[in-house]
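Biologist: Please show me the model, so that we may discuss how its charged side chains are placed.

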Amino acid sequence: MKLLYVTFVDWGDQSSGSSARPHRMYEAFEALGCKIWLLQGCQSRVGERRRRVRQALRALSCGPAPDMCYVEPPSGPFFCRLDLKLLKRLHGMGVPIALFYRDAHWRYAGWWGAKGVKRRILVHMHKRDLRVFRRCCDTVYFPSESMRRLFEGERFKRSGLLPPGCTSPAPVRRFLYGRAVYVGGVSAHYGTHMLLEAFELLNSGKEKLPLLIVCRENEWQALESPYKSRPWLTVSHTFGEGLKSVYERADVGIIPIRRDKYMDFALPVKLFEYLSYGLPVIATRCAETEAFISRYGCGALCGDSARELALSVRRFYESADWREGMLVGVQRAALDNLWIGRAKKVVEDLTGQRLG
């Protein structure tokens, strides 16, 4: 099967969850045996993006059509109108199209930073894109059921769920390293201040519990906190394959995101990345994250305060039975949520054929 895979990231850049996801889906389609025709490139370089889409349009005009198309859109509207033209061309050729819709920031004025004329223009572009998706896409996927319901009024031909996935079944954890890890953005919204305060509480006595934070260097430099130079804290700016050694030296992954309406329907990529490396997860009670962790018993939940987070981390290390139960849940969660399963769902939905 020939798959036209349309993405909006620079191939090879996996420095964030939104850029890592397209790579994981590509690898999963490849593992299924799909012959992949890749259209990639960041849309902020409009000229380069137009050139690549024009090449794809010319190829469609003079060559055989792909059997199907899968689209991983940008975090924002389509700036290059030729991308919309490409979807219309594929639809006109009878090529089945699936699209993963990740962006709902624009429906939350308090969360989204755009204001005034810029906001009105971007909202107009988002609504324009949705009209094209409604007309041309056979299936539109969302990361969670809560987000799918948010867009029910768009009346897509078909909608479904395609959450993040795990790269592999989780390895069995046999040793404690006495180290927790957080990977992701650092800011008040992401709960960084609460996270650092929690570990200040944990390390205020004789026993010490190290924390390893992995984030972008510029974000860390911009963060103001009295705890940045504490001896219990190690900060790294690695990503991609460099994360493997980070995860292998940790016992538990932390997701301290402050709860709000937007984060209630989000399922962080890092949740599944933690699980892929066999790490139980301690997370705040954002609705979809809470539901997933509760379903599998693969971690612990806490309120979004430093004290509650510190108590959950301490209990994780002090209660062997509780910890062992989480590790069993991690195994089950990772096996049930592999990336290859996500790709298999797309192929089956677009072709109507069951894969073995």
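Biologist: Is Asp83 buried or exposed?

Modeller: This is a predicted model, in which local features need pLDDT of at least 70, side-chain atom pairs count only at pLDDT 80 or more, and totals for chains, interfaces and linings use all residues. Residues are numbered from 1 along each chain as its sequence is written, and side-chain values use heavy atoms, with hydrogens and water left out. Buried means under 20% relative accessible area, exposed over 50%, and partly exposed in between (1.4 Å probe, protein chains only). Because its relative accessible area is 2%, Asp83 is buried.

Biologist: Which side chain meets that of Asp83 in a salt bridge?

Modeller: A salt bridge is a side-chain nitrogen of Lys or Arg within 4 Å of a carboxyl oxygen of Asp or Glu. Here the N to O distance is 2.9 Å, and the partner of Asp83 is Arg49.

Biologist: Where do Arg49 and Asp83 lie in the chain?

Modeller: Helices are DSSP runs (H or I, at least four residues), as are strands (E, at least two), numbered from the N terminus. The pair links distant parts of the chain, 34 residues apart. Asp83 lies in helix α3 (residues 81-92), and Arg49 in helix α2.

Biologist: Which residue of the salt bridge between Glu348 and Arg354 is exposed?

Modeller: The two side chains meet at 3.1 Å, N to O. Glu348 is buried, because its relative accessible area is 12%. With a relative accessible area of 72%, the exposed residue is Arg354.
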